[in-house]
2 protein chains.
Amino acid sequence: MTFGSYVRTTREDLRARDKRFSLRQVAERIGVEPAYLSKIERGDVAPPSEATIRRLAADLGQDSDILLAMAGKVSSDLQTIIRARPQLFAELLRQLREMPDDALLRVVREVRDGDW
Amino acid sequence: MTFGSYVRTTREDLRARDKRFSLRQVAERIGVEPAYLSKIERGDVAPPSEATIRRLAADLGQDSDILLAMAGKVSSDLQTIIRARPQLFAELLRQLREMPDDALLRVVREVRDGDW
DNA sequence: TGTCATGTGTAGTATATAGAACACGTTTAC
DNA sequence: GTAAACGTGTTCTATATACTACACATGACA
């Protein structure tokens with residue numbers, strides 16, 4: 001599923017219960033032109049900037065990291081974390097690439113709960 | 001130290017032993033105009049693209065992840081890894097942000113050597 | 001049945017990115 | 001002592017990014 005169609009589906013689901021989730025009203029709340037949001041949802045243009053994606057995610061109640069990933073982007077704060085120690089994080093991420101979800105989840109929990 | 005001055009210093013160190021590391025010859029090997037590399041080294045323009053940084057790192061015998069980080073970038077392959085599982089990696093990276101180098105290194109080794 | 005909101009088509013814009021091309025004065029090497 | 005190599009100043013360009021502005025047809029709904 002593309003970024004645009006995901007946004008459209010999510011917004012229309014919300015709209016079925018709340019008419020304030022019309023394209024125009026969402027566009028106004030997140031501070032873009034309706035025509036632009038229309039084109040984004042239809043994939044007529046590339047996904048918007050990180051800042052706009054964040055406002056959109058907040059308005060639609062979605063996880064911004066997921067929405068950013070669908071847009072082909074990585075949150076700039078994560079990039080900053082990596083850039084601070086590029087070799088360590090590069091090795092770690094390349095190690096974790098092959099790992100199945102459940103193993104990765106164990107690592108995340110171990111890091112969260114263990115004392116390192 | 002900036003990207004440019006780091007490249008210049010590294011290149012001039014190499015040049016002291018090997019005249020093939022003149023600005024012009026490095027520029028030719030990595031496929032850019034000498035004037036452009038000159039401006040990069042002096043910080044007159046922004047760091048070049050990821051592809052050019054990779055060629056430069058290879059030519060100078062440097063770690064491309066480090067050079068990319070100095071350029072304010074994160075390797076696109078690492079970004080691809082994160083985008084494949086954005087929530088898990090976002091949580092992990094934000095957990096690891098505060099961790100001191102030696103603790104992070106232990107995590108990296110544990111992930112490399114342990115069976116997850 | 002008029003009006004108000006809705007979604008969309010077309011055109012245009014400002015800024016950033018990522019360089020190339022050429023000319024020039026200065027060293028360096030033979 | 002001159003030809004080749006060197007580093008750099010200036011100008012220009014092509015493409016991508018991230019939108020705005022305006023107009024228009026359609027639909028809801030009172």
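In this predicted model, Val26(B), Arg29(B) and Ile30(B) of helix H2(B) meet Thr52(B), Arg55(B), Leu56(B) and Asp59(B) of helix H4(B), where contact means heavy atoms within 4.5 Å. By class, this contact of H2(B) with H4(B) has three nonpolar, one polar and three charged residues; Ala, Val, Leu, Ile, Met, Phe, Trp, Tyr, Cys and Pro count as nonpolar, Asp, Glu, Lys and Arg as charged, and the others, Gly among them, as polar. Helices here are DSSP runs (H or I, at least four residues) numbered from the N terminus.

The axes of H2 (residues 23–30) and H4 (residues 50–60) of chain B come within 9 Å and cross at roughly 125 degrees, with axes being lines fitted to C-alpha atoms over the stretch in contact and angles running from 0 to 180 degrees between N-to-C directions. H2(B) and H4(B) are therefore oblique to each other, since angles under 35 degrees count as roughly parallel, over 145 as roughly antiparallel, 65 to 115 as roughly perpendicular and the rest as oblique.

Residues are numbered from 1 along each chain as its sequence is written, while chains are lettered from A and ligands numbered from 1 in the order in which they are written. Local features need pLDDT of at least 70 and side-chain atom pairs count only at pLDDT 80 or more, whereas totals for chains, interfaces and linings use all residues, and side-chain values use heavy atoms, with hydrogens and water left out.

Turning to the DNA, 22 residues surround strand D, and the closest are Ser49(A), Arg8(B), Arg24(B), Lys39(B) and Arg42(B); a residue is near a strand if one of its heavy atoms lies within 4 Å of it. Helix H3(B) gives the most to the surface near strand D, with four residues, and the residues of that surface divide into seven nonpolar, six polar and nine charged.

Strand C also has 22 residues around it, of which Arg8(A), Leu23(A), Arg24(A), Arg42(A) and Ser49(B) come nearest. Sugar and phosphate account for 57% of the atoms of strand C that come within 4 Å of the protein, and H3(A) gives the most to the surface near strand C, with four residues.

The table lists some polar contacts (pairs of N or O atoms within 3.5 Å).

| Residue | DNA atom | Distance |
|---|---|---|
| Thr52(A), side chain | phosphate oxygen, strand D | 3.2 Å |
| Ser38(B), side chain | phosphate oxygen, strand D | 2.9 Å |
| Arg42(A), side chain | phosphate oxygen, strand C | 2.4 Å |
| Glu33(B), backbone | phosphate oxygen, strand C | 3.1 Å |

Methods. Helices (H or I, at least four residues) and strands (E, at least two) are DSSP runs, numbered from the N terminus. A polar contact is a pair of N or O atoms within 3.5 Å; within protein, one must be able to donate a hydrogen and the other to accept it, and residues adjacent in sequence count only if both atoms are side-chain atoms.
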